[in-house]
Amino acid sequence: MAMKIGNEKFKDNVNKQMEDTFMRGAVAGAQERLRTRRLDAAEELGNWEEWRSHGEEIRQHTLDHLDYYLQELSENLQKRGGHVFFAATAEEANDYVKSIVKEKRAKKILKAKSMVTEEIGLNSVLEQEGCDVIETDLGEYILQLDDHDPPSHIVTPALHKNKEQIKDVFTEKLDYKLTSKPEELALHAREKLRQEFLQADIGITGCNFAIAESGSVGLVTNEGNAGMVSDLPDTQICVMGMERIVPTFEEFEVLVGLLTRSAVGQKLTSYITALTGPRTAEEVDGPSEFHLVIVDNGRSGILGTEFQSVLQCIRCAACINVCPVYRHIGGHSYNSIYPGPIGAVLTPLLGGYDDFKELPYASTLCAACTDACPVKIPLHQLLHRHRQVIVEREGRAPISERMAMKAFGIGASSNPLYAAGSKMASSVMKPFTKDETISKGPGPLKAWTEIRDFPAPNKERFRDWFKQHEKENGKA
Amino acid sequence: MIATFEDAEVIVTPSGSCATMFKDYQHVFQDDPEWRPRAERLADKTYELTEFIVDVLGIEDVGAKLEGIATYHPSCHMTRLLGVKDAPMKLLSHVEGLEMQPLPNAQNCCGFGGTFSVKMGNISEQMVDEKVDSVTETKASYLIGADGGCLMNIGGRMQRRGKPVKVMHIAEVLNSR
Ligand code: SF4
């Protein structure tokens, strides 16, 4: 699996997903829970807007000086004995990890949750090498057991499954005999995973934010599994998107606060881990070898463009949790491991318009995402900008868009035409009108009236009413 | 648009998204020394209707009367982009005889989104259906809003589904006697 998780058309995906009432129930429930928790956490912090601005400044500053901070990060990590590899493409990143696996003759690999490893499709590459790759995040573990069901959310990847479905997966794959209580399910998974922890050769993690001043990799998890993944195996590999970096621990703290509040509505998640190179002579814990793989894979192409702000993203999923479109179509419809508003902006940038040009249209531009984003990415504006680029690139809008524009634009462009049109509208539309309503419209109105009625044009126009009203009040 | 409206003392529009458009329009002229200031001046004197009545005229009670239970849909652009949230509620709370019920999941978009409503018709349908269900849940006999597009969308769907709820623009409510 790489960033793209399916080849079906967006429309077909949507139709299929919308039939899935389980999924839709699970998503709507989760959205409401997460949204309330986030708002409570923001309120408890107070002056949330200031925090957001601060977060935005930190991200902008870092992106504007990205080469400087990446340099600082890698120098500091190398000083501590770590290895750093810059991968221009997914393939380069995967090849590098593969070479370490070969050198170590590794068989068992433990993984902590990481979107960038999903993006580059690392798991399947390692599996092809004959490795046993074990996801330790509970959500990822469930998906892996379920024959590699793709993630549908960037923080809670198995969000589309309810506990009954999870129980079914466990029963089938793990010979599980208990109930669908979340605690029992989690405990069972944990016991299975603990056994794996002890035998692993290599641990692979992602990176929430690398800290340039110390050469560290900061990880935030709910279950503490990242700590296990990074402590127990003797070789440690961190894979990070090249933009996931902060100058110092001070900024790290601000962003982690924004991240955990926005993602799950907590002040801090249960576990924050900072990894800094291999263990030193005095340390007893930790790996003896440490590799940091910094992945570009299309990111530097976004830097310096009008889409640069998308790289501010801290992958909190707040935008996904408030998106009314995601709510109904679920994560899998987007054909990308990055769904929702952030996915609709980022996926076409990383994966190209050819495969993903429908995504920027999968939004009403309601701006709920922009409003929720803790680092103030103007997501709805970027979606709109994508649409403009698509039109410029293809020299025209998609047919459906042009039909739609017609429906709204006819006649409104010229003043006399509009006046005449609005005067005539009610008689022109008469054949389609019943009880002041049009329920089967002609031409561009057809698509509208497939779903809803259209109000028949008013017999009395506002202009006429206003004139009459002024007359009655003796003003005319 | 600028040429048509710029001589007016103030511009009042009965629609949150239109007001947003007036305000945002200046970005089109970012590097235009002539049109940019004209667009800015226009933006500065444009108001959404309820914002104008409450914040500029300082009136919260317009002496309207309407018997019944109502709920209010806060449109996306009006609340999030324009930042007008309280003015309509203040005005509605003073309408004699009107009992306001909160709309569940009020913040969710109704699925209009301009061309989205026809281009992504099936998603739009699910969104507006959820909105219609929320309105029905309140047992309101009036659905009030301040944005024509959203009202046309929710109203059209409600009518198609045979719901006996009357859709009213807030201006109509304030004009009821
Ligand atoms: S775009 Fe903003 S809200 Fe969405 S995941 Fe990224 S940081 Fe969070």
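**Exercise 1.** Into how many nonpolar, polar and charged residues does the lining of the largest cavity divide?

*Solution.* This is a predicted model, in which local features need pLDDT of at least 70 and side-chain atom pairs count only at pLDDT 80 or more, while totals for chains, interfaces and linings use all residues. Residues are numbered from 1 along each chain as its sequence is written, chains are lettered from A and ligands numbered from 1 in the order in which they are written, and side-chain values use heavy atoms, without hydrogens and water.

Step 1: sort the lining by class (Ala, Val, Leu, Ile, Met, Phe, Trp, Tyr, Cys and Pro are nonpolar; Asp, Glu, Lys and Arg are charged; the others, Gly among them, are polar).
Step 2: read off the result, which is six nonpolar, three polar and three charged residues.

**Exercise 2.** Classify the ring pair of Tyr68(A) and Tyr69(A), and state whether each residue is buried or exposed.

*Solution.* Step 1: apply the pair rule (centres within 6.5 Å; planes under 30 degrees apart are stacked, over 60 edge-to-face, the rest tilted).
Step 2: the centres of Tyr68(A) and Tyr69(A) lie 5.1 Å apart with 80 degrees between the planes, an edge-to-face pair.
Step 3: apply the accessibility rule (buried under 20% relative accessible area, exposed over 50%, partly exposed in between; 1.4 Å probe, protein chains only).
Step 4: Tyr68(A) has 53% relative accessibility, so it counts as exposed; Tyr69(A) has 10%, so it counts as buried.

**Exercise 3.** Classify the pair of Tyr141(A) and Phe170(A).

*Solution.* Step 1: the centres are 6.5 Å apart and the planes stand at 75 degrees, so this pair is edge-to-face.
Step 2: Tyr141(A) and Phe170(A) are both buried.

Methods: Rings of Phe, Tyr and Trp (its six-membered ring) pair if their centres lie within 6.5 Å; planes under 30 degrees apart count as stacked, over 60 as edge-to-face and the rest as tilted.
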